[in-house]
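Biologist: Got a minute to go through this model with me? Please put it up.

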Amino acid sequence: MRIWRAAALALTLAGCVQTASPIAAPNAARAAEMVQAKAEGKRKAQMFLQTVAAVAPVAKEICLEKQIVGNCDFQIFVDPRLRLPENAYQTVDYSGRPLIGFTLALLSDARDADEIAFVMGHEAAHHILGHLAQQAQTAQRAAQAAAVAAADQGQSRRQIRTAQRAAALAATEGYSKLFELQADALGAEIALRAGFDPLLGAAFFDRLPQPHHGEASSHPDNRTRKALVAQTVQQLRRRS
Ligand SMILES: [Zn+2]
């Protein structure tokens, strides 16, 4: 027994003096950063889920009140694709169910639940107001008119296609700005009814790059958007 213990001790000691190639010392700052990032990710995920729980029922209620679209059963999720830029988007699935996606970059940049709720309300508003269908219809009509005009002028098929694309883009661009403002106003109402502060939420605009004047842009300028949110909130508070 004593021999085994002595052998074990010898092995332990041998381990102590072994000169293996040194391992890299852990970078304490990097490790702390990773722990912090993980905690921050967890906090944001909880904030997102809580905001969804508060906003989705209100969005559904307003959607049913307006009666513009048939499906008001929102599914709100975080898009897990890491490379996507800061963005939130609205679309529908094959059954017509409205989907609202937040990219991880957007969630990571959002400062608080008020900002998340405002963006969520804005995207829900696009669906509630039937913007996708209207935009598709507008683009189709403009493209058709352009095709007829181009054909009348004897243009080639390729020229007709180019004219169609340009007309569709120009037609939807004008509508886009109007739709963005409509979605901001209704989005503010959704956020307010869900218990959030749309004025704080609209602070998100301050961090968006300002659209360049004279340049084709689908979004109105940030100051106009913030002013509209403030005006909407004032009107809603006066009414209640
Ligand atoms: Zn929008």
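Biologist: What spacing do the donors of the zinc ion follow along the chain?
Modeller: The spacing is H-x3-H-x53-E. Donors here are N, O and S atoms within 2.8 Å of the metal (3.2 Å for Na, K and Ca), and water is not among the atoms, so sites may look incomplete. Keep in mind that this is a predicted model: local features need pLDDT of at least 70, side-chain atom pairs count only at pLDDT 80 or more, and totals for chains, interfaces and linings use all residues. Residues are numbered from 1 along each chain as its sequence is written, and side-chain values use heavy atoms, with hydrogens and water left out.

Biologist: Which atoms coordinate the zinc ion?
Modeller: His122 (NE2), His126 (NE2) and Glu180, which is listed twice through OE, at 2.1 to 2.6 Å.

Biologist: How far apart are His122 and His126 in helix H4?
Modeller: They are 4 residues apart in helix H4 (residues 113-128), so about one helical turn separates them. Helices are DSSP runs (H or I, at least four residues) and strands are too (E, at least two), numbered from the N terminus.

Biologist: Is His122 buried or exposed?
Modeller: His122 is buried, at 5% relative accessible area. Buried means under 20%, exposed over 50%, partly exposed in between (1.4 Å probe, protein chains only). His126 is buried as well, at 9%.

Biologist: New topic. What does Thr51 touch?
Modeller: Leaving out residues up to four places away in sequence, Thr51 touches Ala113, Ile116, Ala117, Met120 and Phe196. Contact means heavy atoms within 4.5 Å. Thr51 is in helix H2 (residues 28-66) and is buried, at 1% relative accessibility.
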